[in-house]
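Trainee: Got a minute to go through this one with me? I'd like to talk about rings and pockets.

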Amino acid sequence: MEITIGKMDERQPSYKLIYFNARGRAEHIRYIFAYTGIDYVDERIPKDSRQELKKSMPYGMLPVLEIDGKLIPQSNAIARYLARKHNLTGRDEWEAMQCDVLVDTLGDLKQIISQYRTEENHFKKEEKKAKLLRETIPFYLKKFEQTVGENGGYTVGSTTTWTDFVFAVALENFENIFGRNALENYPALRALKKRVHEIPAITAWLAKRPHTEF
């Protein structure tokens with residue numbers, strides 16, 4: 001399934017984002033495209049074509065961004081590239097580094113949550129969930145809550161960065177996994193997600209994006 005977003009502009013590179021019909025590891029890239037108004041093709045791979053297509057990808061993984069016919073893998077590398085081109089990495093190199101620190105740290109938490117979600121043994125899964133809710137998640141979210149609170153509702157500095165989009169997507173998924181009240185004790189993080197989702201360009205994207213569970 002291909003969705004062309006916007007009108008093609010000859011002055012811009014030709015972009016095609018290749019991923020499954022899911023938010024997953026590609027959604028923060030779509031937020032960047034929406035926010036900046038960049039034209040791109042949102043190519044969503046049907047289930048029966050996934051394995052064959054992945055064989056043709058640089059490292060056998062998705063998402064991949066095709067830029068003027070060249071295939072670029074790794075979701076955060078793609079996001080950083082677009083963020084640098086469109087002034088979404090903060091005001092200076094220090095803030096750019098802080099963006100990377102937060103995205104990578106959030107990635108650590110997401111990896112642990114992924115291990116819980118893919119655990120097939122029922123008893124081990126329940127043990128992992130209990131530890132997540134009791135120790136791991138509060139450890140990370142309290143630190144993120146403090147950072148966002150100190151920055152007045154932003155993850156880094158006082159302007160919108162690509163890190164805000166990464167967090168907004170992750171927090172939405174977090175509520176889907178652990179329940180709508182999962183962020184009840186983290187008002188700054190809830191407010192961050194709300195602020196991002198109320199940016200007009202993001203609101204417009206949310207209204208028209210294909211419905212998926214994750």
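Mentor: We'll take the aromatic pairs, then the charges over rings, then the pockets, bearing in mind that this is a predicted model.

Trainee: OK, how many aromatic pairs are there?

Mentor: The count comes to ten aromatic pairs. One of them joins F139 and Y140, with 5.3 Å centre to centre and 85° between the planes.

Trainee: So what do we call that geometry for F139 and Y140?

Mentor: The F139 and Y140 pair is edge-to-face, because planes over 60 degrees apart are put in that class.

Trainee: And Y140, buried or exposed?

Mentor: Y140 counts as buried, because its relative accessibility is 14% and the cut-off is under 20%. F139 is partly exposed, with a relative accessible area of 48%.

Trainee: Which ring does Y140 pair with besides that one?

Mentor: Y140 also pairs with F144, at 6.3 Å centre to centre. The planes are 35° apart, and the pair is tilted.

Trainee: Where do Y140 and F144 sit in the fold?

Mentor: Both are in helix α5, which covers residues 122-150. They are four residues apart, about one turn of the helix, and both are buried.

Trainee: Which residues make up the cluster with F139?

Mentor: F139, Y140, F144 and F167 form one aromatic cluster.

Trainee: Switching topic: which ring does R50 lie over?

Mentor: R50 lies over the face of F20, 4.3 Å from the ring centre. R117 is placed over the face of F214, also with 4.3 Å to the ring centre.

Trainee: Now pockets. What is the volume of the largest pocket?

Mentor: The largest pocket holds about 1,300 Å³ of space. Its lining has 40 residues, and Y19, G24, R25, K110 and S114 lie nearest the centre.

Trainee: Which element gives the most to that lining?

Mentor: Helix α4 (93-117) gives the most, with nine residues. Other elements that each supply at least two residues include β2 (15-20), α3 (75-85) and α6 (162-178).

Trainee: What's the make-up of the lining by class?

Mentor: The lining of the largest pocket has 23 nonpolar, eleven polar and six charged residues.

Trainee: And the second largest pocket, what volume does it have?

Mentor: The second largest pocket is about 180 Å³. Among its lining residues are L133, I137, P138, F174 and Y186. Helix α5 gives the most here, with four residues.

Trainee: How does that second lining split by class?

Mentor: The second largest pocket is lined by eight nonpolar, two polar and one charged residues.

Notes: Residues numbered from 1 in each chain as written. Predicted model: local features only at pLDDT ≥ 70, side-chain atom pairs only at ≥ 80, totals over all residues. Heavy atoms only, no water. Phe/Tyr/Trp six-rings, centres within 6.5 Å; stacked < 30°, edge-to-face > 60°. Buried < 20%, exposed > 50% of the residue type's maximum accessible area, 1.4 Å probe, protein only. Lys NZ or Arg CZ within 6 Å of the ring centre and 35° of its normal. 1 Å grid on protein atoms, 1.4 Å probe; cavity = no way out; pocket = protein on both sides within 12 Å on 5 of 7 lines; lining within 4 Å. Points joined across faces, edges and corners; volume = space filled by probe spheres on them. Nonpolar A, V, L, I, M, F, W, Y, C, P; charged D, E, K, R; others polar.
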